[in-house]
Each structure stands twice: as structure tokens, then as C-alpha cells.
Amino acid sequence: MLEVKNLTFKVDENGVERSIVQDISFTVEDGEMLVITGPNGGGKSSLAKVLIGIEKADAGQIVLDGEDITEYDIDHRANAGVGFAFQQPPRFKGMTVERLLSLAAGKPLAECDCCELLSGVGLCANEYLKREIDGTLSGGEMKRLEIATVLAKPHKLCVFDEPEAGIDLWSFSMLVDQFEKIHSKKDQKLILISHQEKIIKMADRIMVIEDGKIRSIGSKEEMVPKLFGESSDCKCAGRK
Ligand SMILES: Nc1ncnc2c1ncn2[C@@H]1O[C@H](COP(=O)(O)OP(=O)(O)O)[C@@H](O)[C@H]1O
Ligand SMILES: [Mg+2]
């Protein structure tokens, strides 16, 4: 289980302290999928960064399967079983796709393993294995490669920040299949930040974050009618 207790993250804005994640508490059970949604600037990516260790919490505690990971840095958290995909994936000039996937898996991968990972996110291994992770890859290709790195090994907790951004409809349905696969693993916990109705409706529980706080949280059955009502527009979304 993931237990997030009273998490607060503050930034300095022109000398003024601002809490962009304010006293957030929630849990994610083993095998559970939590979708976080809410207006832009609400603090979703900041919460994800604090969970994966890129940013350090100013207060609160993060406990993963009974292990307090609050003080762990990003490497230590990755070793403790946290996998993540950024809203804007970083590029690694000079590194090939093949090497990145092996690093992500924590062991050298055979070509057929890389091929399976790439085809799972809709990329053809022949075209991509030897390519560098540089500016020649499109945003959508970067997103799919990054998702493949998360799929390269099992994690206790996977966090995906807006995985749908910049992805075409065909690739999107492949990604949905990959998320279903993670979701079906009973020992993994899955957090997806998304504005996409299809992803929101895959969740076991949905959390809406606004102004750094939890505005509402509940089961899919409770939350979907509140978010979507009769129409299919997500009323909380207001995405970029
Ligand atoms: N390092 C930072 N310094 C100052 N402000 C930040 C920093 N990171 C995020 N913010 C601000 O915090 C708010 C929440 O941002 P973010 O977590 O990216 O929101 P979301 O992912 O929900 O769109 C935004 O107003 C953003 O500009
Ligand atoms: Mg964001």
C-alpha cells in the first residue's frame, strides 16, 4: 500500500513562500489505480514530483509497502520500487533507445525484449532501437518511449503524468492496454494524472486536486457522475 500523509511542498515565488501542495493525504491499495485530475496549475505534477523524489516535501510522509521513503532521493526511490513517466520527458543526447531500455530494466535486455516493449507502445523496434533520445524524436515518440521504460520492469508504484499528451488516437488505445496490464497486477499501485475520460473511467478511485488541495476523492462510481454528468466533457479538466 502507498500511504501519503499530510504532504506539503512549498516554493519561493519572488521571495514569497507559496504552498503548491498543501497537506495532502491519501492511500493507494495494492492493485489499485488512482487517477488524479483537476485544473491546470492545481499542483498535480508537483505532487507527482514529490512522490517520485525530484522535489523534496517540506512536511509529511510517504510510506510504500511499510517503508518510509520520504527522505529517499530519486535513485533510492527508484530502487525502492517507484517508476515514473514525466509530463515532459527528458531527452538524453548520445544514448540509444536500446541502452535506455536496458538501464530502465536494470539489466541488459535482449533485442527481442526491447522489441516487445517498443511494440507495446506502438513503436517499431527496427526503426527505433539504434536511435538517440535527442531532439529528432517527436513529443509523442518521447512519451511512448518513456512509458516503455516504466514497463521495462515491475514496480511497486508507477506514476504517469499526463501520458496521453501529444499521443495520437491509435497509440493512445495501445497505451490504455498497457495501463490495463499494470492495473491487473495485484501487487502494483498505479497513479495516473490525466484529463482523458477513457483513463479517468479506468480508475478504481479518482482524486481532484485544485489549488494544491484535494477538492474531492472517491470511487469511480461516486466521482464519474460528478465530473462528467450527462455530457462527456470533464468539468474539472480545463487542460492545456
Ligand atoms: N519550482 C516551482 N517554482 C515556482 N512555482 C512552481 C514550481 N513548480 C510549480 N510551480 C507552480 O505551482 C503550481 C502547480 O503547478 P503544477 O504542479 O505543474 O500543476 P498541474 O500539474 O496541476 O498543472 C503552478 O502555479 C506552477 O506555476
Ligand atoms: Mg501537470
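At 34% relative accessibility, Cys 115 counts as partly exposed. That makes a good place to start a walk through this structure, which is a predicted model.

**Cysteines that stay single**

How many disulfides does a search of the whole structure find? The search finds zero. A disulfide is a covalent bond between the sulfur atoms of two cysteines. For Cys 115, the closest cysteine sulfur belongs to Cys 124, and the distance of 7.2 Å is too far for a bond. Cys 158 is in no disulfide either, with the nearest cysteine sulfur, that of Cys 114, 18 Å away. Is Cys 158 buried or exposed? Cys 158 is buried, at a relative accessible area of 1%.

**The surroundings of ligand 1**

Next comes the ligand. Its shell is made up of Val 11, Glu 13, Arg 18, Ile 20, Pro 39, Asn 40, Gly 41, Gly 42, Gly 43, Lys 44, Ser 45 and Ser 46. By character, these residues divide into three nonpolar, six polar and three charged.

Which elements of the fold supply at least two residues of this shell each? They are strand 1 (2-13), strand 2 (16-28) and helix 1 (44-52). Helix 1 gives the largest share, three residues.

Several side chains in the shell place an N or O atom by an oxygen atom of ligand 1, and the table lists three of these pairs.

| Side chain | Partner | Distance |
|---|---|---|
| Arg 18 | oxygen atom of ligand 1 | 3.2 Å |
| Lys 44 | oxygen atom of ligand 1 | 2.7 Å |
| Ser 46 | oxygen atom of ligand 1 | 2.6 Å |

Taken alone, ligand 1 exposes 570 Å², and the protein buries 67% of that area.

**Two polar pairs**

Away from the ligand, two contacts between side chains are worth finding on the screen. Begin with Lys 189, which lies in strand 10. Although lysine is a charged residue, Lys 189 counts as buried, at 0% relative accessibility. With which side chain does the side chain of Lys 189 make a polar contact? The partner is the side chain of Asp 65, at 3.0 Å. Asp 65 sits in the loop between strand 4 (59-64) and strand 5 (67-68). With a relative accessible area of 35%, Asp 65 is partly exposed, whereas Lys 189 is buried.

The second pair joins two loops. His 195 is in the loop between strand 10 (189-193) and helix 8 (197-200), and Glu 162 is in the loop between strand 9 (157-161) and helix 7. Their side chains make a polar contact of 3.3 Å. His 195 is buried, at 5% relative accessibility, and Glu 162 is buried too, at 4%. Glu 162 can also be placed against Asp 134: the two are 28 residues apart in sequence, and their C-alpha atoms are 21 Å apart in space.

**Two positive phi angles**

Most residues other than glycine have a negative phi. Asp 65 has a positive phi of about 45° although it is not a glycine. Asp 23 also has a positive value, near 55°. Asp 23 is found in strand 2. Is Asp 23 buried or exposed? Asp 23 counts as exposed, at 51% relative accessibility, just past the limit of 50%.

**Helices 7 and 9**

Helix 7 covers residues 169-183, and Glu 180 has its place there. Glu 180 is partly exposed, with a relative accessible area of 38%. From Glu 180 to Met 202 there are 22 residues in sequence, and 8.1 Å in space from C-alpha to C-alpha.

Helix 9 (residues 220-228) has two faces to look at. Which residues of helix 9 are buried? They are Met 223, Val 224, Leu 227 and Phe 228. These four lie on the same side of helix 9, because they cover an arc of only 105° around the axis. An α-helix has 3.6 residues a turn, so residues three or four places apart point the same way. Turned away from the buried side is a face that carries the exposed residues Glu 221, Pro 225 and Lys 226.

How values were computed: Residues numbered from 1 in each chain as written. Chains lettered and ligands numbered in written order. Predicted model: local features only at pLDDT ≥ 70, side-chain atom pairs only at ≥ 80, totals over all residues. Heavy atoms only, no water. Near = heavy atom within 4 Å. Polar contact = N/O pair within 3.5 Å; in protein donor to acceptor, adjacent residues only side chain to side chain. Areas by Shrake-Rupley, 256 points an atom, 1.4 Å probe, with all protein chains shown as cover. Disulfide = S-S within 2.5 Å. Buried < 20%, exposed > 50% of the residue type's maximum accessible area, 1.4 Å probe, protein only. Arc of directions from axis to C-beta.
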